[in-house]
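Visitor: Please pick one part of this protein and take me through it closely. I would like its surroundings described as well.

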Amino acid sequence: MSQSQDREAGGEAKGHALFVRVTHWINALAVFIMIGSGWRIYDASPLFNFRFPPDLTIGGWLAGALAWHFAAMWLLVANGVAYLAYGFVSGRFWRGLPRIPPSSAYRDPRPSWATLTRHEIGAYNPVQRVLYTGVVALLILLVASGVAVWKPVQFQHLAALFGGYEGARHAHFYAMAALCAFIALHVTLAFFADGVLRSMITGRPPTAAASGE
């Protein structure tokens with residue numbers, strides 16, 4: 001096994017690999033910029049009867065917000081492709097995935113619940129698999145609807161999938177709202193899981209990070 005893997009052959013726990021940590025925080029930065037600049041773009045032509053406070057937006061004005069938004073979008077796409085390639089090539093996405101026979105949940109729900117709530121670096125429990133698969137699909141939806149809003153004539157077939165320009169705008173807004181909800185849940189769970197947040201920063205195993213070793 002390579003050093004980038006999250007668990008050694010002997011079973012000794014390891015922290016997040018450097019590549020995972022770097023791409024994670026690049027994603028976080030790109031998403032933060034896209035949300036903040038997106039709110040400023042929304043304020044220029046709101047869909048609903050409210051606007052986001054200017055102090056919570058990025059870009060200062062519409063042209064500036066658009067520049068920040070597209071720069072962050074391409075950063076997110078490039079970084080996402082790199083992360084997905086790493087995940088598939090290294091085997092990170094399927095190594096150690098828990099297998100729970102569906103019938104076991106009916107016979108005795110306790111083992112299934114323990115597996116659902118257990119966090120182990122390098123292994124995705126069912127809840128994480130659903131959430132992370134969903135957020136990847138959400139990011140794809142955001143990029144696709146964003147491109148349809150950006151160039152509705154040049155990408156008219158893409159825009160048609162959303163029911164036209166206005167449909168693409170609504171899809172983009174709702175996907176953004178769902179992404180904000182995911183981020184709130186993700187950050188909350190990271191704070192409650194001992195050492196997980198520090199591990200994503202330092203690379204040390206969660207147990208060592210939590211104990212301050």
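Guide: Helices and strands here are DSSP runs (H or I over at least four residues for a helix, E over at least two for a strand), numbered from the N terminus. The part chosen is the second largest pocket, and the largest share of its lining, eight residues, comes from α1. The model is predicted, so local features need pLDDT of at least 70 and side-chain atom pairs count only at pLDDT 80 or more, while totals for chains, interfaces and linings use all residues. Residues are numbered from 1 along each chain as its sequence is written, and side-chain values use heavy atoms, with hydrogens and water left out.

The setting comes first. The protein has nine helices and zero strands, and buried residues (under 20% relative accessible area; exposed is over 50%, partly exposed in between; 1.4 Å probe, protein chains only) make up 36% of its 213 residues. Of the contacts (heavy atoms within 4.5 Å) with a separation of 6 or more, 57% join residues 24 or more positions apart.

The second largest pocket has a volume of about 680 Å³. A pocket is an open set of points on a 1 Å grid over the protein atoms alone, where a 1.4 Å probe fits, with protein on both sides within 12 Å along at least five of seven lines; lining residues have an atom within 4 Å of a point. The volume is the space filled by probe spheres set on the points, which are joined across faces, edges and corners. The lining of this pocket has 30 residues, and G38, I41, H69, V149 and H172 are the closest to its centre. At least two lining residues come from each of α1, α2, α5 and α7.

H69 leads on to S37, a residue of helix α1. Beyond its neighbours within four places in sequence, S37 is in contact with I58, A65, W68 and H69. S37 counts as buried because its relative accessibility is 0%.

Two other residues can be placed by their distance from R40. G60 is in the loop between α1 and α2, and its C-alpha is 7.6 Å from that of R40, across 20 residues of sequence. G60 is exposed because its relative accessible area is 64%. L66 belongs to helix α2; L66 and R40 are 26 residues apart in sequence, with 8.7 Å between their C-alpha atoms. At 30% relative accessibility, L66 counts as partly exposed.

The helices named for the lining also build the largest nonpolar core (buried Ala, Val, Leu, Ile, Met, Phe, Trp, Tyr and Cys residues joined through side-chain atoms within 4.5 Å). This core has 21 residues, and F52, F173, M176 and L179 have the most contacts inside it. At least two core residues come from each of α1 (18-44), α2 (62-90), α5 (126-150) and α7 (165-192). The helix that gives the most to the core is α1, with seven residues. For L179, the contacts beyond four places in sequence are V31, I35, V135, L138, L139 and L142. In soluble globular proteins, nonpolar side chains tend to be buried together.

One pairing in the chain spans a longer stretch of sequence. V196, in helix α8 (residues 196-202), is 180 residues from H16 in sequence and 9.3 Å from it in space, C-alpha to C-alpha. V196 is buried because its relative accessible area is 13%.
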